[in-house]
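User: I'm new to reading structures and would like a close look at a single part of this one. Could you pick a helix and walk me through how it sits among its surroundings?

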Amino acid sequence: MDLAQAERDVLLGASLPQVASNYRQHLIEAFGFRDHEVTPATFQGEVATFVRSLARRLGERHAGNPRVGTTLRAFVLHTEYYEVWDALLSGFAVEGREALVRRGKLLFPGPLTAHWDSA
């Protein structure tokens with residue numbers, strides 16, 4: 001699975017947790033891990049990096065797309081990945097935006113979030 005495929009999956013309705021799980025499974029199979037070798041931490045960092053890159057890609061390529069906005073909105077409630085927050089708050093009109101901006105500004109330093117007020 002690559003970013004292009006993950007992007008297509010989201011556009012077809014997959015959630016970010018689903019994409020992350022599929023990517024992790026892809027890595028496990030590609031590296032030939034056996035079930036007893038896999039722990040919750042297996043490929044945790046790689047999956048996080050992938051999801052962050054995917055969020056950035058979605059925000060850059062699909063700003064304003066309601067399906068993408070809904071997907072990012074659902075995931076932002078469960079993550080502290082700046083890239084997900086930034087993609088959502090930089091490119092989408094979402095319900096509860098003011099509360100999300102306040103929460104995001106608590107999580108991330110001012111210079112990283114200043115542009116959210118004007119989006």
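Analyst: One definition before we dive in: two residues are in contact when they have heavy atoms within 4.5 Å of each other. Also keep in mind that this is a predicted model.

Let's look at helix α6, which covers residues 97-107. Its buried residues are R97, L100, V101 and G104. Buried here means under 20% relative accessible area. If you look down the axis of α6, those buried residues fall within an arc of 100 degrees, so they line one face of the helix. What does the face turned away from that buried side carry? There you'll find the exposed residues E98, R102 and L106.

So what do the buried residues of α6 pack against? Their partners are three helices: α4 (66-76), α5 (82-91) and α7 (110-113).

Let's follow α7 a bit further, using T113, which has its place in that helix. T113 has a relative accessibility of 1%, so it counts as buried, given that the cut-off is under 20%. Leaving aside residues up to four places away in sequence, T113 touches G104, K105 and F108. You've met G104 already: it is one of the buried residues of α6.

That's the picture for α6: a face lined by buried residues, and exposed residues on the face turned away from them.

Note on methods. Residues numbered from 1 in each chain as written. Predicted model: local features only at pLDDT ≥ 70, side-chain atom pairs only at ≥ 80, totals over all residues. Heavy atoms only, no water. Buried < 20%, exposed > 50% of the residue type's maximum accessible area, 1.4 Å probe, protein only. Helix = DSSP H or I, 4+ residues; strand = E, 2+ residues; numbered from the N terminus. Arc of directions from axis to C-beta.
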